[in-house]
Structure formats: structure tokens, C-alpha cells
Amino acid sequence: MNSMRDDIKGSDIDCDVVVVGAGFAGIYALWKAGQRGLSVRGFERGSAVGGTWYWNAYPGARCDVASYNYAYFFDSDVVREWDWSDVCSGQDEIRRYLQFVAEKCDVTGQITFDTRVESATYDKATGLWTVRTSGDEAVVCRYLVLAVGALSEPKAPDIEGVESFAGEAYFTSSWPRDRDVDLAGKRVGVIGTGSSGVQSIPEIAKVARDLVVFQRTANFVTPTLSGPMDPERVRAMRQDPEAVRNELRATYGGNQPLYIGPDRFHDLDEAGREKALWRAWEEREVALAFWDSHLPEANAAISEFIRQRMHEQVTDPWTANQLVPWDHPYGGKRPCMSDVYLQAYNRPNVRLVALRETPIERIVPEGIVTSAETVPLDVIVYATGFDAISGPVHALNISGIDGVSMNDAWADGPVNYLGTMVHGFPNLFLPSSAMSPSVLSNMATLAEQQVDFIFDTISWLDAHDRAGLHPSPGSQEFWRDETLRYAKRVPGALSTDSWYNGANIPGKPRHYMVYRGGFNRYHAACYAELESGFKGYELLPGNAGHDQRESA
Ligand code: N01
């Protein structure tokens, strides 16, 4: 058992740190707290560790970041002892990996499972947080790490009559884990064609009697990186995990792509561009066909190339035309990857309903009613996505200095500094939340980077006899402007409706929530703050019992 800080022993504190969530960031935060000699407790609403990889147990779920990089690198033994079976690991394999790491790091005993955190309240007089749980516990701590993920709050169905359906209904985001879902011989409807729909539809198509896919917006779909692990890469990765970790942090996406086109777009003529696009397509990194694929002209060529490849994989011309995303550029929405999705529509038992032509009107006991027909169904699968990024934070009832709620502070969209801390909420840390590279980077790399930064921040506070910190309003404004500045450079980022900007949730303020300046730039900005003595923050005096703050 770790000991609490000596200077606050004897006060009404239960532990130094509370960590909420036991996915990639939560597991590492629990371990890291122990390493720093801090006492810690974890709470997880699931029955086991895994986070995203615990809940999203739908058929076909797998990762589209290569297993060479989508993993922890803080512990060489972990890197050397775990064998991945595929470059794109499946959901259950990643869940088992996280269980393996949690057990190896001996953190599972610190986690209370099947328990929701219902509220977190800051006491300005003591400088402490009180965390209340669904298990009727109230835990008092100094630091609160909300490792609740960016895609963990399912979007509530916004279709009339959902409750009236007489058949079975499932959400990809909370697929049953305690039993097999038997779809064999049934009439199944899937609503949604984002990554979860794209991955589950081909699997459902294999067993269902009839599958009807209800698509509102078509998405880009490109080949996956799936295949056997390259032993040479695995050997290199295991030789020096620390070096890999540092290399990942120096990349744009926290990731080492398996291929990047060597030529600049404007250095190539038409034939050269076509050749570069085909080469990248075959290497399964078509988005990186050119050295400068981020240029709008290069992006337009990549988008058009993918549209053509998608179109030619689908036999029926009307269906092909509907499945191609004509309305946004590649990357405007989160693109999907699959080797089998488009071909699923060539099966005789699969049919597409294009909701832009014939929208869903309501759900009735026997199935789904569109403006053109009633589709009778035995099962409805909702692959309808998440109240992303800010949603999991809004769900927690957080109250900061002077009782200001996070929901009020974020009423017009999330604000924070460096994607981790919010003004008015001292010592509250939000890994993988808004305005960090989050979902547009390798989330495993990000989890390690942000947790390291959080605990380096805590160590700095202890070393400088400070009770805590939170960012200044000016820093938050600066960071919001930075986030917007980089988003403007990405074709379609601001104009396309997506969960990146909250447009998928009716009534949610439109606010671009991902920092697109690059992982490397983000990492440098975090540590520049630390080295400056946290100039962009307000520091709380050393005695946690004081309620006055001083500006740094
Ligand atoms: O959710 P989504 P997701 N009527 O929001 C549709 C990560 N992930 O769970 O686009 C009809 O992308 C909605 O339509 P529209 C990844 O980052 C990763 O699939 O709003 N349709 C859309 O088609 C991903 O981006 C992996 O017009 C409705 C779909 O539902 C993120 O999670 C695997 C509707 C929702 O798509 C979320 O993916 C899986 C309605 N009322 C997920 N409401 C990998 O690593 C919503 N839709 C591979």
C-alpha cells in the first residue's frame, strides 16, 4: 500500500488520487500514481478493465491503428511478453491485453468495478475533491483523474418510437458480453454507417437471413492494415521500447505509418500522381499517398481516387452511388477502414436504405418505418455513435470553485488548456478529452503521454510546495484559438457535420473538439508549460487549507 503525502496525513483525505475509468489511460494512471508514492483508488462502471475495448464487443470490432504502435511502451517486459496476432487487433484481444497489463502492474485490486462515479465536488476551503459513487461511497482526494475516454457516452437514440419495438435491440457501444447474440436466420436492421456500422455489417450479413442497412451519410472506406505481424518490426519494437515511445511522441499522429508516399503532390504530373495513389492504395495507406497529403489539392485527389475505388467494389450501380461519400472530403468526418464492408452489399441478403432519399419516420413494434416503406425486422442494431469527447464529462456532475458546474462552464462547448485542465476546477485532469490530439492520434500513445504529463505536474507541485493549479482564462482562450487555427487548415474539418464538432447530437453547440496541430507539437507545448513553471496557470498556495489563490 502506498503512503499519502506526509503533510496532509491526518486530514479527512481518503487517498491522494482518484482515477475514474479503467481503459488505456486509467490503468496507466493507477500504476503511475503508485510509482510516485501516491495512494490511489480507481472506479470503473464496467465489470472489468478495458474501457472502449470492454464495451464495444460487437461482431467485427477491431482497431485500425497498427498493433506495433497501439500499445503501451512504458514497461519493456509488457512489450516483450505480449504477442499480437494481427496488425489490426480485434476487440477481445485488446481487452485481454489490457487485463494482462493491469494484472502485471498489480492495479486491479485498487479498482472498484461495477461502480459509476455520479458526482465530483471541489471544496475551495480544503482544496480537496469529494467523489460520490453509485455504491454510496464518498471518497475525498487531492487529485482527480477523469480517464473516462472520448467515445464512452453513447448517443441516445433520437428516433421516435424506439421503445415500442417488439424485437431485440442492441447498441454496438454496449454489446452484450455475457452471452452470444444469435442473429442467425433473423431479419436484422442496422442504423448507422460509421466505423462501428462498417465493421459490424459484414459480420451480421454472414448470419442474418436479411440485413437492411439504414444509411444517412456515406463514409470513406479504405483497406485495413490487417495481416500477420512482421517479425522484423516486432523485434525492432522489443529491442528498445523506450526509443519507440520517444519516436511516437515525435510524430504527427503518435503513430508510425507503415508507408508514406515519398513525393510531393506538386512535383508530380497526372500520371505520377495516379501511380503514387495506386502504390499507397496497395500499401493500404492511401491517405498518405503524397509527402504533403494534407494540402487541399492533394486531399482532393486522394478523395476522388478513393471514391472511384469504392464505387467499383459494389455491383449494383444505385447502391454503389449511395455508398460513395460525395458530400465531404476525405478526413472531414472520421474515415472508416474495412476489407469486406462494400462487398457485403453484393450479397443477395443485404439491402441499403438511403435515408437522405427516404428518411426514417419512426420505429414501430414490427420494424422501421421510412417515408417509403415499413421494413419488418426481428432485430435492430443501433450503430449510432456517441456524444463524443465532452459527453462523458458532462455526464459526471462536476462542480468546481464556488460551486460552478462543469456543465455551465462548458455550456457553449468545452474549454480547457492543453486539453487536460479547466479553469475553476483545480487538480482535475481530463486525459483524452477535448482539444487534445485525442481521437485523431493514436489513443494508446496519447494515454501514456497525458498521464505522464499529469503526474509530472503533480510532482512539480509537490516539489514547489503548491497545493494545486488550474489554467488561467487567458490560456484557455489561447488554446481554443490554437485548436481553431489548426482545424481551419484541414479540408472539410469545420464545414462537415461530424462528431468531431458535436454536429451528430441535436442541440449540442458546434465546437471543433480535436487539436490538429500534431502530437509532437502538443507534447512539446505541455512540457514547455512545465519548464516555464506553469506560467499559463493559477497556482494554489502550499497549504491546502487556504482558500485564496494567487496568479502565477
Ligand atoms: O459512430 P459514428 P461509430 N438516424 O458517429 C448514424 C471510433 N471507432 O460508433 O453521419 C440515422 O461514427 C450516423 O449518421 P450521420 C472511431 O473514432 C473506432 O460508428 O450522423 N442514422 C452515422 O452513420 C469512430 O469514428 C473503431 O448522418 C443515424 C452513425 O449513425 C467513432 O468510434 C471502430 C442517426 C454513427 O457513426 C464512432 O464510431 C469503431 C439517426 N437518428 C469506432 N443517428 C476502430 O478503431 C446517428 N446515425 C476501427
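Colleague: Which of the 25 residues around the ligand come nearest?
Modeller: The model is a predicted one, in which local features need pLDDT of at least 70 and side-chain atom pairs count only at pLDDT 80 or more, whereas totals for chains, interfaces and linings use all residues. Residues are numbered from 1 along each chain as its sequence is written, and side-chain values use heavy atoms, leaving out hydrogens and water. Among the 25 residues around the ligand (a heavy atom within 4 Å of it), those that come nearest are Lys155, Asp158, Ser196, Thr217 and Arg334.

Colleague: How far is an oxygen atom of the ligand from an N or O atom in the side chain of threonine 217?
Modeller: Polar contacts to the ligand (pairs of N or O atoms within 3.5 Å) include one with a polar backbone atom of arginine 62, at 3.5 Å. A polar side-chain atom of serine 196 lies 2.6 Å from a ligand oxygen. For the side chain of threonine 217, the distance to an oxygen atom of the ligand is 2.4 Å.

Colleague: What percentage of the ligand's accessible area does the protein cover?
Modeller: On its own, the ligand has 910 Å² of accessible area, calculated by the Shrake-Rupley method with a 1.4 Å probe. The share of this area that the protein covers is 90%.

Colleague: Which helix gives the largest share of the shell around the ligand?
Modeller: By class, the shell has nine nonpolar, nine polar and seven charged residues, where Ala, Val, Leu, Ile, Met, Phe, Trp, Tyr, Cys and Pro are nonpolar, Asp, Glu, Lys and Arg charged, and the others, including Gly, polar. The largest share, three residues, comes from residues 195-207 (a DSSP run of H or I, at least four residues long), which form helix α5.

Colleague: Are α14 and α16 roughly parallel or roughly perpendicular to each other?
Modeller: Helix α14 (residues 443-463) and helix α16 (residues 519-531) have axes 10 Å apart and pack at an angle of about 5°. Their contact (heavy atoms within 4.5 Å) involves residues including Phe453 and Trp460 of α14 and Tyr522 and Tyr527 of α16. Because angles under 35 degrees are classed this way, α14 and α16 are roughly parallel.

Colleague: How many charged residues are in the contact of α7 with α14?
Modeller: Helix α7 (residues 241-249) packs against α14 at about 90°, so the two are roughly perpendicular, a class that runs from 65 to 115 degrees. Arg245, Leu248 and Arg249 of α7 meet Thr445, Glu448, Gln449 and Asp452 of α14. Besides one nonpolar and two polar residues, the number of charged residues in this contact is four.

Definitions and conventions: Axes are lines fitted to C-alpha atoms, for helices over the stretch in contact, and angles run from 0 to 180 degrees between N-to-C directions. Angles under 35 degrees count as roughly parallel, over 145 as roughly antiparallel, 65 to 115 as roughly perpendicular and the rest as oblique. A polar contact is a pair of N or O atoms within 3.5 Å; within protein, one must be able to donate a hydrogen and the other to accept it, and residues adjacent in sequence count only if both atoms are side-chain atoms.
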